[in-house]
Amino acid sequence: MGLYIETHIRADLDELWARTQDAARHRRWDLRFTEIDHLPRAEGEPQRFRYATRVLPFLTVSGTGVAAGEKERADGTRTSALRFVSPHPLSLIAEGSGYWRYVPDAHGVRFLTGYDYRPRWGVLGALADRLVFRPLMGWATAWSFDRLRLWLERGITPERALRNWLAELAVRALALALCLTVLAHGSLPGLPGPFADATAYLCPLLLVPGVFLALFKAPLAGTPAARRCLRAPTTRTRAPGLLETLEKRG
């Protein structure tokens, strides 16, 4: 089953196109890639590119792809399609294809993607993909789309958005740790007598809402969140003709 992600961005179509089609700006907001570089091409050839992802400090997996762009249709929509392949033996993704689509409306642009890939490593790879990797890729794509939205709508740079997310994650982790401490000890340990008595009474009352807020509270407006994106199409959305064109071009 392929992945689908959609967001709505209140921004100019040309600016959205530029920040997604330019490799230097693309790698700033897309969590899935550490490097994206366009490769030289002759006039009339489709654009080829190299991508890389740092999995661990000492391990980077890379691959190559080919993209074709449909600048604009009569209704104002734009679409770009791509195919990609990774020969790296440690890359779970062997090859795949997908598209980006830009659908302008009265309030901005519906920006969406659909893609799928073939995992390697046989049955073990298929199992790892279904249970871990594919959900992670879906989350990373949606989180990245929301980071792009914040950049265009609110002027929050991708680097600042990442810091906001890490800071909020740290606060949530601290709140959850405090709740678990209360659950284990009945109060916060180490407090002087009067405070210990008060927390022993109040903390259990705050335990459930504290856990709920730490785990489920909506992220702040300036923090990227995958939950803000659609994960299934509301209408049939496809990049007609482009994937077939790529197949013919090879």
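Asp12 caps the N-terminal end of helix 1, where one of its side-chain oxygens lies 3.0 Å from the backbone nitrogen of Asp14. The model shown here is a predicted one, and in it helix 1 covers residues 13-21, with Leu13, Leu16, Trp17, Ala18, Arg19 and Thr20 as its buried residues.

From this helix we can turn to the charged side chains. Side chains of opposite charge can pair when their charged atoms come close. A search of the whole structure finds 17 salt bridges. In one of them, Arg118 pairs with Glu95, and their closest N and O atoms are 3.3 Å apart. This pair links distant parts of the chain, since Arg118 belongs to strand 7 (residues 108-119) and Glu95 to strand 6 (residues 93-105), 23 residues apart. Arg118 has a relative accessibility of 43%, and because buried means under 20% and exposed over 50%, Arg118 counts as partly exposed; Glu95, at 38%, is partly exposed as well.

Helix 3, which spans residues 122-154, holds both Asp146 and Arg149, and these two residues are 3 residues apart, about one turn of the helix. An α-helix has 3.6 residues a turn, so residues three or four places apart point the same way. Asp146 and Arg149 form a salt bridge whose closest N and O atoms are 2.7 Å apart. Asp146 is buried, with a relative accessible area of 0%, and Arg149, at 13%, also counts as buried. Both belong to a network of salt bridges that links them with Arg10, Glu153 and Arg228.

A further salt bridge joins the side chains of Asp129 and Arg134, with 2.9 Å from N to O, and both of these residues are buried.

Methods
Residues numbered from 1 in each chain as written. Predicted model: local features only at pLDDT ≥ 70, side-chain atom pairs only at ≥ 80, totals over all residues. Heavy atoms only, no water. Buried < 20%, exposed > 50% of the residue type's maximum accessible area, 1.4 Å probe, protein only. Helix = DSSP H or I, 4+ residues; strand = E, 2+ residues; numbered from the N terminus. Polar contact = N/O pair within 3.5 Å; in protein donor to acceptor, adjacent residues only side chain to side chain. Salt bridge = Lys/Arg side-chain N within 4 Å of Asp/Glu carboxyl O.
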